[in-house]
Amino acid sequence: MAVTFWENCSFLHFQYGPIFQPSEPSTALLLIMLGKVLLSLFLLRIRRLTLRGSFMVHFCTSLALLDLVLLGTMFFIFCFQDFMLLGIRFTTYHICLLAQIMALVYGILHYPVALMAGLDYYLTVTKTTSSNVCRRSLYTVAVVLTWISVLCYVLTLPSNAVGLDKNPSSSGYQCPFYISSQSYWLSLGMLSVIGMVCVLCWSEVRDMVQPMKLMLYKSETVLFFPHVPECSHRDCAKHFLTRLLVCFVGNWAPFVFLQMLIVLLEVQIPAYIEMNVPWLYFINSFLIAAAYWTRRRQIELTEEVWSVDPFVSWKFCFVPFHSQNADEAEKPTGEIVIC
């Protein structure tokens, strides 16, 4: 990865990423981090409990906790302004320093996290056993090692690369932040896949959406779509892909629209804001849908298989699609349920 330096050596600038410079770093950083932490805690509170754990779910929890610790540390420094701790003098300068370090850490985590989560779902989506202590411990260790390895990489960069003026008390001091391109390319890739699937399955999507009904089914809010009882293998695969698309877009439509605006307008968001829990859960649902599609022939119809996403219920994408007898007594005549 190529790196270059600005002439005033104020900040590390990765070749593909610009910087962002707020005018009032301390107060603005605290307010932004407070909003990010509250949003993360809210999503963790309202998410649905799943029967199976995953790497992404554990990583989202660790991100929320790390943001909370970072906010507490920054608030402590902001309150006391200028103090000594363990022989180190802390000032508001270090609020920006902490945020810059974490911006670098967050900025290079998008690809590794998405890759590891994708491999996790591809290897485990067909497993019928729920999470056990061993698997949860493995996920925890993997998350901790991921954070430690990326943080060590950032800290081993040249000392003047972390991006503050050599004289932070100068009147011209500002707080630049790294902007990663990884989230941009991930968004563009996912939106491209969604667009291609929409084009490929447009007739099926239109046929499903037109008679759509929203209702309560077994304590869950679900959508009713017309049932196609008989189909060829190719048509069945296409109908299943359409169901995955409708489920994903139906749950994440506002976020899909937001990502479209960000990509089209080329909005530059600092990396410490861009790595957030809603964004990771959006990627999580996309990776689950991709895993269901690639492993659709090996999936068994059990509650543990589809109880893996905290926000999207994929159960009725499979019933009664792969088994004409599954939940036969529960499904309405002439219709299937997709939520």
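Helices and strands are runs in the DSSP assignment, numbered from the N terminus. In this sense Q259 is placed in helix α8, and the same naming serves for the other elements described below. The model is a predicted one.

With that settled, the overall picture comes first. The protein chain holds 12 helices and nine strands. Of its 339 residues, 49% count as buried. Among the contacts with a separation of 6 or more, 80% are between residues 24 or more positions apart. The accessible surface of the protein chain amounts to about 17,200 Å², and carbon and sulfur atoms supply 66% of that area.

A good place to step inside is the nonpolar core. In soluble globular proteins, nonpolar side chains tend to be buried together. Here the largest nonpolar core comprises 79 residues, and M56, F59, W252, L280, Y292 and W314 have the most contacts inside it. Helix α10 provides the largest share of this core, with 12 residues.

Helix packing comes next. Two packed helices are described by the angle between their axes and the distance between the axes. For helix α4 (residues 110-124) and helix α10 (residues 277-294), the axes come within 9 Å and cross at roughly 35°. The crossing of α4 past α10 is right-handed. On the α4 side, the residues that meet α10 are H110, V113, A114, A117, G118, Y121 and Y122, and their partners in α10 are W279, L280, I283, N284, L287, I288, A291 and T294. Sorted by class, this contact of α4 with α10 has 11 nonpolar residues, four polar ones and no charged ones.

Helix α4 also packs against α2, where the angle is about 145° and the axes are 8 Å apart. From α2, this contact draws on F55, M56 and F59, while α4 brings V113, M116, A117, D120 and Y121. The residues of the α2 and α4 contact divide into seven nonpolar, no polar and one charged.

Which residues does M56 touch, not counting residues up to four places away in sequence? The answer is V113, A117, Y121, L280, I283, N284 and L287. Of these, V113, A117 and Y121 are among the α4 residues that meet α10, and L280, I283, N284 and L287 are among the α10 residues that meet α4. M56 itself is one of the α2 residues in the contact with α4, and M56 is also listed among the residues with the most contacts inside the largest nonpolar core.

Further along α2, A64 is found in the helix. Its relative accessible area is 4%, and A64 is therefore buried, the cut-off being under 20%. Leaving aside residues up to four places away in sequence, A64 touches S40, L44 and V277. A64 and S40 are 24 residues apart in sequence, and their C-alpha atoms are 5.8 Å apart.

Just before α2, the loop between α1 (25-46) and α2 (55-80) contains R52. Is this arginine buried or exposed? R52 has 3% relative accessibility and so counts as buried. Its C-alpha atom lies 5.4 Å from that of V308, although R52 and V308 are 256 residues apart in sequence.

Attention now returns to helix α8. The relative accessible area of Q259 is 5%, so Q259 is buried. Outside its neighbours within four places in sequence, Q259 is in contact with S187, L191, W279 and F282. W279 is one of the α10 residues that meet α4. Between Q259 and M190, the sequence separation is 69 residues and the C-alpha to C-alpha distance is 9.6 Å.

I262 shares this setting, being found in helix α8 (residues 233-265). With 16% relative accessibility, I262 counts as buried too. Its contacts, apart from neighbours within four places in sequence, are with V267 and I269. The C-alpha atoms of I262 and S187 are separated by 8.8 Å, with their positions 75 residues apart along the chain.

The last stop is E266, in the loop between α8 and α9 (271-274). E266 has a relative accessible area of 55% and is therefore exposed. Its backbone is worth a glance as well. Most residues other than glycine have a negative phi. Phi of E266, by contrast, is near 55°, a positive value in a residue other than glycine.

Methods:
Residues numbered from 1 in each chain as written. Predicted model: local features only at pLDDT ≥ 70, side-chain atom pairs only at ≥ 80, totals over all residues. Heavy atoms only, no water. Helix = DSSP H or I, 4+ residues; strand = E, 2+ residues; numbered from the N terminus. Buried < 20%, exposed > 50% of the residue type's maximum accessible area, 1.4 Å probe, protein only. Contact = heavy atoms within 4.5 Å. Areas by Shrake-Rupley, 256 points an atom, 1.4 Å probe, with all protein chains shown as cover. Axes fitted to C-alpha atoms, helices over the stretch in contact; angles between N-to-C directions. Left-handed = near helix turned anticlockwise from the far one by under 90°. Nonpolar A, V, L, I, M, F, W, Y, C, P; charged D, E, K, R; others polar. Core = buried A, V, L, I, M, F, W, Y, C linked by side-chain atoms within 4.5 Å.
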